[in-house]
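I am opening a fresh page for this structure. I will start with the overall build and then look up single residues.

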Amino acid sequence: QVQLVESGGGLVQAGASLRLSCAASGRTFSNYPMGWFRQAPGKEREFVASISWTGTNTKHADSVKGRFTISRDNAKNTGYLQMNSLKPEDTAVYYCAAGPRSYTTTNPNQYGYWGQGTQVTVSS
């Protein structure tokens, strides 16, 4: 029902910034909470940030709080993850996810729609 496509990843040096985008194909995206997750080599998939469908409430993992900011533009059916002060430990494949649950959650099992992922590599 909903297709998500991430973009904006790349190779940068420590301290640089990137903005990831998540474009959704369906109008229902605007009704869904949204989340960002990442998975690095040798690590399990971890929660990064989430946002309510209205964009009013956001949550960020402690590891990225103060550096990353999640946002969304429902008129454009697009979610964003602004990443500042990137560190080598941020290197991972980043995935966006959405609904269909009506509440915001950090649990990846509660999301029904996922993007293909975009690689972020931060060199020291």
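**Entry 1: the fold**

I read the order of elements first. Along the sequence the protein runs β-β-β-β-β-β-β-β-β-β-β. I counted 11 strands and zero helices. I note here that this is a predicted model.

**Entry 2: overall dimensions**

I looked up the radius of gyration next. The protein has 13 Å, and a compact globule of 124 residues would have a value near 14 Å, so the two agree. I also took the box along the principal axes. The C-alpha atoms fill roughly 40 × 25 × 25 Å.

**Entry 3: surface, burial and charge**

I asked how much of the chain is buried: 47% of the 124 residues. The accessible surface is about 6200 Å². Carbon and sulfur atoms account for 45% of that surface.

I then looked at charged side chains. I found 12 positive and 7 negative ones. The centres of the two sets are 7 Å apart.

I checked contacts along the chain as well. I took pairs at least 6 apart in sequence, and 58% of their contacts join residues at least 24 apart.

**Entry 4: the largest nonpolar core**

I moved inside. The largest nonpolar core holds 32 residues. Leu4, Trp36, Val48, Phe68, Leu81, Met83 and Tyr94 touch the most other members. Which strands each supply at least two residues of this core? I listed these:

- E3 (18–24), E4 (34–39) and E5 (46–51).
- E7 (68–73) and E8 (78–83).
- E9 (92–100), E10 (111–114) and E11 (118–123).

E9 gives the largest share of the core, five residues.

**Entry 5: Phe68**

I picked Phe68 from the core and looked up its contacts, leaving aside neighbours within four places in sequence. Phe68 is in contact with Arg38, Val48, His60, Leu81, Gln82, Met83, Asn84, Leu86, Asp90 and Tyr94. Val48, Leu81, Met83 and Tyr94 are also among the core residues that touch the most other members.

**Entry 6: Val120**

I went to strand E11 and stopped at Val120. Buried or exposed? Val120 counts as buried, because its relative accessibility is 0%. I listed its contacts beyond four places in sequence. They are Gly9, Gly10, Leu18, Leu20, Met83, Asp90, Thr91, Ala92 and Tyr94. I also took one distance. Val120 and Ala75 are 45 residues apart along the chain, and their C-alpha atoms are 27 Å apart.

**Entry 7: Val64**

I turned to the loop between strand E6 (58–60) and E7, where Val64 lies. At 0% relative accessibility, Val64 is buried too. Which residues does Val64 contact, leaving aside neighbours within four places in sequence? I found Arg38 and Val48. Both also appear in the contact list of Phe68. I took a distance here as well. Val64 and Gly26 are 38 residues apart along the chain, with 29 Å between their C-alpha atoms.

**Entry 8: Ser71**

I looked up Ser71, which is in strand E7. Its relative accessibility is 30%, so Ser71 counts as partly exposed. Not counting residues up to four places away in sequence, Ser71 touches Ile51, Gly79 and Tyr80. I compared positions with Pro88. The two are 17 residues apart in sequence and 23 Å apart in space, C-alpha to C-alpha.

**Entry 9: backbone details**

I checked the backbone last. Where is the cis peptide bond between Gly99 and its partner? It runs from Gly99 to Pro100, with omega near 0 degrees. Pro100 lies in strand E9.

I then looked at positive phi values outside glycine. Asn77 has a phi of about 55 degrees. Asn77 sits in the loop between E7 and E8. Its relative accessible area is 17%; the limit for buried is under 20%, so Asn77 is buried.

Ser85 also has a positive phi, near 50 degrees. Ser85 is found in the loop between E8 and E9. With a relative accessible area of 40%, Ser85 is partly exposed.

Key. Residues are numbered from 1 along each chain as its sequence is written. This is a predicted model: local features need pLDDT of at least 70, side-chain atom pairs count only at pLDDT 80 or more; totals for chains, interfaces and linings use all residues. Side-chain values use heavy atoms; hydrogens and water are left out. Helices (H or I, at least four residues) and strands (E, at least two) are DSSP runs, numbered from the N terminus. The radius of gyration is taken over C-alpha atoms; the globule rule is 2.2 Å times the number of residues to the power 0.38. Buried means under 20% relative accessible area, exposed over 50%, partly exposed in between (1.4 Å probe, protein chains only). Contact means heavy atoms within 4.5 Å. Accessible areas come from the Shrake-Rupley method with a 1.4 Å probe; for residues, only the protein chains shown count as cover. Lys and Arg count as positive and Asp and Glu as negative; His and the chain ends are not counted. The place of a charge is taken as NZ of Lys, CZ of Arg, CG of Asp or CD of Glu. A nonpolar core is a set of buried Ala, Val, Leu, Ile, Met, Phe, Trp, Tyr and Cys residues joined through side-chain atoms within 4.5 Å.
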